[in-house]
Amino acid sequence: MRLDRELACQEVVELVTAYLEDALSPEDRERFEEHLVFCDGCQNYLEQMRDTIAATGRVPVGALPAALEEQLLEAFRGWRSS
Amino acid sequence: MIAYKFLRPGGIAPYTGFRWPVGDWVDAGGVDPCRTGIHACAVRDLPIWMGPELWEIELAGEIAVQARKLVAPRGRLLRRLDGWNEGLIRDFGRACVRRTRERVGFLPVLSGYAFDADRLAGLGRVPLAAFAAARAAELRDGPAAYEEERRLQAIWLAERLGLEGGDLQAKKPPLAV
Amino acid sequence: MEQVPSPQDARLLEGLRAGDEAAFVALMREYGAGMLRVAMMYVSSRAVAEEVVQEAWLGVLKGIGRFEGRSSLKTWLFRIVANTAKTRGMRESRSIPFSSLGDDAGAEPTVDPDRFLGSGERFPGHWALPPQAWAPEGRLLSQEALDVIERAIDRLPPAQRAVISMRDVQGFTSEEVCNALDLTETNQRVLLHRARAKVRDALEEYMR
């Protein structure tokens with residue numbers, strides 16, 4: 001038996017992205033932040049999510065395989081001269 | 001209007017990381033509860049938001065009164081309440097434990113909450129002990145008892161800190177602690 | 001939605017129209033890998049996805065004269081790839097229903113349930129094995145950490161992989177991703193949430 005307003009950690013972790021996107025309803029956001037007051041497990045999880053996002057931002061964008069880039073360049077030159 | 005605000009060490013807001021100046025008015029530019037605005041506690045909300053530092057804050061403008069907080073367009077920190085220190089927090093934890101023991105201490109299953117609250121308070125995890133106390137009350141006597149325990153927690157804090165808690169009149173005589 | 005093209009977009013657009021190879025190469029290097037990931041959301045193999053990317057770029061070049069700049073350039077590029085891939089995907093004998101686009105689980109938890117207390121306990125749903133603070137923080141800045149993240153992203157189902165790449169690696173806004181991939185805000189958030197949770201798991205393992 002639980003209060004409706006009370007969040008358990010297992011629910012909190014599923015709300016983290018919505019919280020960071022500022023997409024929680026005011027009630028849910030309040031419940032979420034109330035829970036963080038006393039739960040270091042969830043505080044750590046939120047912090048780690050923030051760290052993950054920041055770290056992912058440092059991953060290089062990546063490149064197409066060189067052969068494909070060559071083909072695309074050829075196609076561009078073909079289009080340009082038509 | 002005088003209200004209260006918990007901050008992280010150094011006067012930093014817990015969720016935004018905003019570094020609060022002392023004495024200067026801070027303008028939030030609007031009120032959109034949970035998103036925009038100066039967020040603060042009324043006395044009854046203190047047990048919910050416990051943090052390392054407790055400050056007195058003056059709110060101005062049209063204040064939105066919510067179930068667990070106040071939101072205003074402008075606010076300024078007045079002074080830090082030194083009474084809110086480790087000793088007080090520890091005593092608060094013990095008071096929660098004592099109420100829990102009296103409420104559920106000898107009931108099967110629920111008595112475990114008294115054990116939990118005690119252990120948590122002993123570990124210095126007082127906000128969690130306070131939460132356990134409120135949950136224990138709820139499990140024994142329903143959702144109203146959860147709110148009642150939180151109210152008793154707020155009254156305890158108001159008395160020890162010398163705060164005006166006019167809206168918290170006890171329905172029963174306060175438990176002697 | 002009406003949007004003013006960024007100065008950079010406007011320059012690249014002009015360059016493309018004028019047949020400037022440097023502009024084309026800049027766009028290809030910036031968005032090519034992302035376009036390939038999006039193509040892989042809808043087709044069954046990487047080889048097919050590469051063909052889709054080629055086809056999409058041809059479509060871009062053919063349509064460049066008509067592009068009015070009402071959406072951002074990159075949203076437009078990605079829409080073309082997504083549409084080309086969807087068409088190709090449908091033509092393949094194995095068509096991939098949207099429901100399988102990495103949102104396989106729907107309501108499946110993103111954190112191992114074993115890490116929480118069960119329903120019979122005093123605090124059901126609370127951490128049994130809470131995450132420990134990561135230290136030293138510097139380790140997150142290492143090349144190794146970036147490799148861990150890249151591998152984790154590569155292992156994701158195609159739709160989660162595309163969304164986290166676009167949002168967190170490339171820095172697209174939520175709106176740009178929804179417009180490009182024709183996703184609702186909620187769809188997109190669920191995919192992003194699941195993807196980030198898996199990457200965090202991988203980092204947690206690494207930071208142990």
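Two residues are taken to be in contact if their C-beta atoms, placed from the backbone, lie within 7 Å. On this criterion, in the predicted model, the contact between chain A and chain C draws 36 residues from chain A and 46 residues from chain C. On the chain A side, the elements that contribute two or more residues are α1 (9–20), α3 (40–56) and α4 (66–80) of chain A. Of these, α3(A) gives the most to the side that touches chain C, namely eleven residues. By class, the side of chain A that touches chain C comprises 18 nonpolar, ten polar and eight charged residues.

Within chain C, the domain assignment yields domain 1, spanning 7–91, and domain 2, spanning 104–206. The C-alpha centres of domain 1 of chain C and domain 2 of chain C are 27 Å apart. Their contact involves twelve residues from domain 1 of chain C and twelve residues from domain 2 of chain C.

On the side of domain 1 of chain C that touches domain 2 of chain C, at least two residues each are supplied by α2 (21–39) and α4 (73–91) of chain C. The most is given by α4(C), with five residues. The residues on this side of domain 1 of chain C are divided by class into five nonpolar, four polar and three charged.

Key. Residues numbered from 1 in each chain as written. Chains lettered and ligands numbered in written order. Predicted model: local features only at pLDDT ≥ 70, side-chain atom pairs only at ≥ 80, totals over all residues. Domains from an automatic or database assignment. Helix = DSSP H or I, 4+ residues; strand = E, 2+ residues; numbered from the N terminus. Nonpolar A, V, L, I, M, F, W, Y, C, P; charged D, E, K, R; others polar.
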